[in-house]
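Please look through the structure below with its charged side chains in mind, and then follow the report from those pairs out to the helices and the whole chain.

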Amino acid sequence: MLEIEGLALSYPDFAASYDLVLPEGALCAVIGPSGGGKTTLLHAIAGFERPSAGLLRFAGLDLLPLAPAARPVSILFQDHNLFPHLTAAENVALGLKPSLKLDAAERERVTAALAEVNLAEFAARRPAELSGGQRQRVAIARALLRGKPLMLLDEPFGALDPGLRREMIERVDALRRAHGLTVLMTLHTPEEAAATADLFAYVANGRVEACGPWDMLTAKGGPEPVRRFLGL
């Protein structure tokens with residue numbers, strides 16, 4: 001379970017205080033207006049921002065004292081963070097060893113991770129030789145190899161066309177079920193995850209103003225800020 005309570009951050013022009021509880025293994029789509037605090041929430045969970053107060057716990061572990069690298073968290077960004085001079089296999093292997101000095105068993109794990117995202121035949125290609133969706137799948141394979149149970153995706157598919165976005169959301173859903181991951185994913189196109197995400201967290205004004213299943217949030221009696229945001 002991911003538990004967030006009164007997680008407070010303050011900046012000269014923005015203040016946030018988050019409360020959110022997610023069951024273990026859930027896929028939660030984080031939605032809301034630009035500048036509302038979605039990315040700040042993910043960065044606080046990952047350890048890139050330092051809250052001034054509050055509770056942040058995952059599977060009973062207090063994350064706040066831990067450095068980003070020590071947290072049970074992987075985070076993916078829209079730009080993939082791939083190294084252009086490395087092959088797809090080498091980029092994935094960074095999830096195991098930054099030195100890229102792998103033994104035979106580790107090389108097999110890299111091959112298996114690429115196969116799991118249907119990229120086995122692209123192992124020797126560099127990022128410039130891959131499509132946007134393929135590059136994102138390389139980043140996902142690397143995150144899977146790190147073996148972290150909490151995966152954060154910050155607007156990961158915004159540069160892709162709608163059909164490919166849906167395909168990638170479905171792929172993330174399949175992988176989180178196969179690996180028992182808990183996933184938070186920010187989206188600007190929430191309807192594309194309506195059939196996939198267990199929960200939607202509506203973040204605005206530095207708060208989680210509503211959280212629940214798609215059907216509940218979009219129903220006639222659902223939260224008015226969410227319905228207004230969605231144009232319902």
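The count of salt bridges comes to 8, where a salt bridge is a side-chain nitrogen of Lys or Arg within 4 Å of a carboxyl oxygen of Asp or Glu. This is a predicted model, in which local features need pLDDT of at least 70 and side-chain atom pairs count only at pLDDT 80 or more, whereas totals for chains, interfaces and linings use all residues. Residues are numbered from 1 along each chain as its sequence is written, and side-chain values use heavy atoms, with hydrogens and water left out.

Three of these salt bridges are set out in the table, including the distance between the nitrogen and oxygen atoms.

| Pair | N to O distance |
|---|---|
| Lys97 and Glu106 | 3.2 Å |
| Asp173 and Arg176 | 2.8 Å |
| Asp198 and Arg176 | 2.9 Å |

To describe how far a residue is covered, the report uses relative accessible area: buried means under 20%, exposed means over 50%, and partly exposed lies in between, with a 1.4 Å probe and protein chains only. Helices (H or I, at least four residues) and strands (E, at least two) are DSSP runs, numbered from the N terminus.

Which parts of the chain does the salt bridge between Asp198 and Arg176 link? Asp198 forms this salt bridge with Arg176, and the pair links distant parts of the chain, since Asp198 is in the loop between β8 (182-186) and β9 (199-204) while Arg176 is in helix α5, 22 residues apart. Asp198 has a relative accessible area of 33% and is therefore partly exposed, whereas Arg176 counts as buried because its relative accessibility is 4%. Arg176 also pairs with Asp173, and these two residues both lie in helix α5 (residues 162-179), 3 residues apart, which is about one turn of the helix. Asp173 is buried, as is Arg176. A network of salt bridges links Asp173, Arg176, Arg177 and Asp198.

The salt bridge between Lys97 and Glu106 joins their side chains. Lys97 counts as partly exposed because its relative accessibility is 29%, while Glu106, at 15%, counts as buried. Glu106 is found in helix α3 (residues 104-116), and, leaving aside its neighbours within four places in sequence, Glu106 is in contact (heavy atoms within 4.5 Å) with Leu96, Lys97 and Lys101.

Another acidic residue, Glu192, lies in the loop between β8 and β9, and its relative accessibility of 8% is why Glu192 counts as buried. The side chain of Glu192 makes a polar contact with the side chain of Thr189 at 2.8 Å. A polar contact is a pair of N or O atoms within 3.5 Å; within protein, one must be able to donate a hydrogen and the other to accept it, and residues adjacent in sequence count only if both atoms are side-chain atoms. Not counting residues up to four places away in sequence, Glu192 touches Pro162, Arg165, Arg166 and Ile169.

Helix α5 has 18 residues, and its end C-alpha atoms are 26 Å apart, which agrees with the 26 Å that it should span at 1.5 Å a residue; the expected span is 1.5 Å times one less than the number of residues. The buried residues of α5 are Arg165, Met168, Ile169, Arg171, Val172, Asp173, Leu175 and Arg176, and they pack against β3 (27-31), α3, α4, β7 (150-154) and β8. Just after α5, Gly180 takes a positive phi of about 65°.

Helix α4 (residues 132-146) has 15 residues and reaches 22 Å from its first C-alpha to its last, close to the expected 21 Å. Of the 15 residues of α4, 13 are buried, so this helix is largely enclosed by the rest of the structure. Gly147 follows α4, and its phi is positive, near 70°.

The chain as a whole has 7 helices and 10 strands. Its radius of gyration is 18 Å, close to the 17 Å that the globule rule gives for 232 residues, so the chain is as compact as a globular protein of that length. The radius is taken over C-alpha atoms, and the globule rule is 2.2 Å times the number of residues to the power 0.38. Buried residues make up 51% of the 232 residues, and among contacts between residues at least 6 apart in sequence, 65% join residues at least 24 apart.
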